[in-house]
Amino acid sequence: MERAIKTKSIRYVFISYVVKFCIIVIATVILMCIVLEAGFLSGIILPANHAENIINEAVVHIKDYSSYADWMPYGCTYAVYDEAGRVKESNIDEAESLVMWQDVQNGVSNKGDSYYKIIRTANDTGIIKYKLYPRYSNENWNKYLPGPSVFTILIFIVLFILETIILANRFTKRLNREVQLLKDTTDKIQMDNLEFQVASSEIIEINDVLASIDKMKVELKNSLTRQWILEEGKKKQISALVHDLKTPLTVIRGNAELIEETELNKEQRVCSVSVQKSVADMEQYLMTLMDIIESEKENNLVVKDISFTILMETIISDARLIAGQKNIRLTLIQESVPAIITVDETAIKRCLLNVISNAVEHTPTGGEIFLNASEKGKFLYFMVEDSGPGFSGEEMKSALEQFYQGEKSRNSREHYGLGLYIVDNLVKNHGGSVKLLKSEKIGGAKVEIKIPINH
């Protein structure tokens, strides 16, 4: 029994990621606070009033020191003045010492983020300028690293950005995974695959879309099935009609032949010949119609192993008879061809002779046609090139369509735009393809037929 998939709305999924983000941010803040506290407890980080504590302790024992420099905390500036305000000792320049003296004389106890500490003795007055900020116990760290507060903020910003990127990527992957279900489903329908079970999503909105697509797939399948049944019915009706038409045409042709054996005047003989020609044309049209019906049947091939050499000898023999009617030279070129191929022999003959007949029709008298056969990889290639005017841009796009007639075939009552359409269907039934190109060798049309060797 399959486990039921728990579904959630996109709103729920989004809020859950926002909550996760907030929790992680809060946890990061707490972690940074713990790290700072550990730094203070271990002595790696000194508290903000560390300098002030040292100064206050030194004041008590000031007379024990010979110089302020003996105990002055790192980062503090100082100056020692006599009763007249002259500098006796300092670690700053004279101008700054004067400013500090004047500030104290004016009752200023702090300036910006700096504070003044005044130490008065019997002989002099000391002024120390210090700041309240945490710093490292290692003086090299104080020189080359940002202060602990700034460093903590920078680390938090970096972690915040990383958390944002990671959660955004996870959210994006989650949505992409769900959206991929839609893409996979539509791709299968696009490839005419309607025999599959539509997958389920964990997101309610996407599930609704998938359900709609599933309904569309079912309706499309039913519609195509009905259409296929109708098409098959029409083909059967046409096949039956073609078969029924053969009988009256045979009767007409037989009677016309009998009439021709009697004594006829010139006008009657012309009429008899015209009737027989019209009957032959109608029979040709019916054969073409049957060719279309047969070529559209996907599983109508009789595939077997045949000799490639014997196949080509038969095709070339028939093709030269067709080309000889217009004194066209036909040349066969074979390049590393297989000895045995597995195909429908009749279908391949029809394909190549149809293409060659089409080439003969559009090649001027005395022209030439090349038939090239070669094996490349797992495919067998046939290329028919002629010295005619070649395919136009429109014909290259549409000449394989049913009933398409280009400029050169528009006035041909025997063409009817079916030759290449039949070829394309027969080749596709073999799992191959047909391409219409321009011949680089002799400048005319080029038809390339590609068929798998092992069908």
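Two strands pair if DSSP finds at least two bridges between them. Strands (E, at least two residues) and helices (H or I, at least four) are DSSP runs, numbered from the N terminus. The structure is a predicted model, in which local features need pLDDT of at least 70, side-chain atom pairs count only at pLDDT 80 or more, and totals for chains, interfaces and linings use all residues. Residues are numbered from 1 along each chain as its sequence is written, and side-chain values use heavy atoms, with hydrogens and water left out.

**The sheet**

Five strands form an open sheet with mixed pairing, in the order β9-β11-β12-β14-β13. Each of β9 (329-335) and β13 (433-438) has a single partner strand and stands at an edge, so one side of each is left without a neighbour in the sheet.

Strand β14 (residues 445-452) runs antiparallel to β13, joined by six bridges. β14 also pairs with β12 in the antiparallel sense, over seven bridges. Some residues facing β14 are listed here.

| Residue | Partner in β14 |
|---|---|
| Leu-437 | Lys-446 |
| Val-384 | Val-447 |
| Val-434 | Ile-449 |

Seven of the eight residues of β14 are buried (under 20% relative accessible area, 1.4 Å probe, protein chains only), so β14 is largely enclosed by the rest of the structure. The hairpin of β13 and β14 has six residues between the strands, and Gly-443 there takes a positive phi near 80°.

**Helix α5**

Helix α5 (residues 148-190) has 43 residues and spans 61 Å from first C-alpha to last, close to the expected 63 Å. That expected span is 1.5 Å times one less than the number of residues. Buried residues of α5 include Glu-163, Leu-167, Phe-171 and Arg-174. After α5 comes Asp-192, with a positive phi near 65°.

Notes:
Buried < 20%, exposed > 50% of the residue type's maximum accessible area, 1.4 Å probe, protein only.
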